[in-house]
Structure formats: C-alpha cells, structure tokens
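Please look through the sequence and the model shown below before reading on. The paragraphs that follow take the contacts between helices one pair at a time and then turn to a pocket.

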Amino acid sequence: MNSQSRFNLSVSVNGTTWSGEVPIEETLLEFLRNRIHFTGTKRSCESAVCGACTVLVDNHTVSSCNYLAFEANGKFVLTIEGVARGDKLDPLQEAFIRNIGAQCGYCTPGQIMAAKGLLLENPNPTREQIAEWLSGNICRCGAYGAIAQSILEAAQAQSHPKG
C-alpha cells in the first residue's frame, strides 16, 4: 500500500485520543471494531439502512458502516462503550433494561446511540418524533414500543434528575 492510500488520523473515541495511520478506505465501523476493539458497535447491513452501527460524531448520529474513519479526524466519537459514566448507566440504558427494550440485543447499541442523538437534539420528544427519528433503526424482534417508552422515560429522567 503506498503512502497516498493512508491517512494520519487523530480522533477522540469516548474521551481517549487515538492517533495513527489508517487506510483511506477504512470505515469508522472497521476502525472501531478491528483497530481499537470497541465491538459494541454492530456490523449488519453495511449500507446505512438498519442503524445497528450508529455512533455519534460530534454529537450527530452517523452510520459508521459508510462513514470513513478519516472523516472523523479531529472529532469526538461516542460509541455505546462510552455512554455509561463509569459504573453509572446512562438514563437511556437504565430505561432500556427496565422496559425490556433489548430483546436479542443486536440492534440495542445502535438504538441507544440513535436515541442519545435524538435527546441531544430534542430533549423532550413526542412518541411520534421518536418513531420518525428511529425509522432508520431496525429491530428484528419488534421491541419498538419498549424502545419508545424507554426514550420517553430517559427524556423525563434527564429533565427531572434525582438529587
């Protein structure tokens, strides 16, 4: 591989800076799973249709399967591994557990990351806005009702935090 096909990447992933050379054609999904071993982000359709690979880049949702790693240069990437604060789960994670929003669990990281992006953009979404926002995230188990309820509860928890 010649030097023109590689890129010097510097990116923050869940608050830790990673710097190094990556192939120019490496997707963010490949970078996360294969290079830095964050396997919570799932590979599925590889065409930005199912949402299983959703992560946040500078607080915006992206399908990491068709987002090239070099596009994240100088940016902050948040994956499912970075959502909890140490041992304290994010209100979204707590609500997914409470409502059984995760059934087989394969789509759950993408659902939570998409929901995180929604709540950053709209802290108090309606059920209809949740349905529209998550239309690109497929749950093969059909847990959509529990997922929507989880997002509503997380929004409520964030707007009225416990002391």
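To speak of an angle between two helices, one needs a line for each of them, and here the axes are lines fitted to C-alpha atoms over the stretch in contact, with angles that run from 0 to 180 degrees between N-to-C directions. The model itself is a predicted one. With this in mind, consider helix 3 and helix 5, which pack at an angle of about 40° while their axes lie 11 Å apart. That angle makes helix 3 oblique to helix 5, and the crossing in which helix 3 passes helix 5 is right-handed. On the side of helix 3, the residues that take part are Gln111, Ala115, Lys116, Leu118 and Leu119, and they meet Ile147, Ile151, Ala154, Ala155 and Gln158 in helix 5. Sorted by class, the residues of this contact are seven nonpolar, two polar and one charged.

The next pair to consider joins helix 2, which covers residues 91-99, to helix 3, which covers residues 108-121, and these two pack at an angle of about 130° with their axes 10 Å apart. Helix 2 is therefore oblique to helix 3, and their crossing is right-handed. Leu92, Gln93 and Phe96 are the residues that helix 2 brings to this contact, where they meet Thr108, Gln111, Ile112, Ala115, Lys116 and Leu119 of helix 3. The contact of helix 2 with helix 3 divides into five nonpolar, three polar and one charged residue.

How do helix 2 and helix 5 lie with respect to each other, and at what angle do they cross? Their axes come within 8 Å and cross at roughly 140°, so helix 2 and helix 5 are oblique to each other, and helix 2 passes helix 5 in a right-handed crossing. From helix 2, the residues Pro91, Leu92, Ala95, Phe96, Arg98 and Asn99 meet a set in helix 5 that consists of Ala146, Ile147, Gln149, Ser150, Ile151, Glu153, Ala154, Ala157 and Gln158. By class, the contact of helix 2 with helix 5 holds nine nonpolar, four polar and two charged residues.

Helix 2 and helix 5 also appear in the description of the largest pocket, since each of them supplies at least two residues of its lining. This largest pocket has a volume of about 250 Å³, and its lining is made up of Lys88, Pro91, Glu94, Arg98, Glu153, Ala154, Ala157, Gln158, His160, Pro161 and Lys162. Which helix gives the most to this lining? Helix 5 does, with four residues. When the residues of the lining of the largest pocket are sorted by class, they divide into four nonpolar, two polar and five charged.

Note on methods
Residues numbered from 1 in each chain as written. Predicted model: local features only at pLDDT ≥ 70, side-chain atom pairs only at ≥ 80, totals over all residues. Heavy atoms only, no water. Parallel < 35°, antiparallel > 145°, perpendicular 65-115°, else oblique. Left-handed = near helix turned anticlockwise from the far one by under 90°. Contact = heavy atoms within 4.5 Å. Nonpolar A, V, L, I, M, F, W, Y, C, P; charged D, E, K, R; others polar. 1 Å grid on protein atoms, 1.4 Å probe; cavity = no way out; pocket = protein on both sides within 12 Å on 5 of 7 lines; lining within 4 Å. Points joined across faces, edges and corners; volume = space filled by probe spheres on them.
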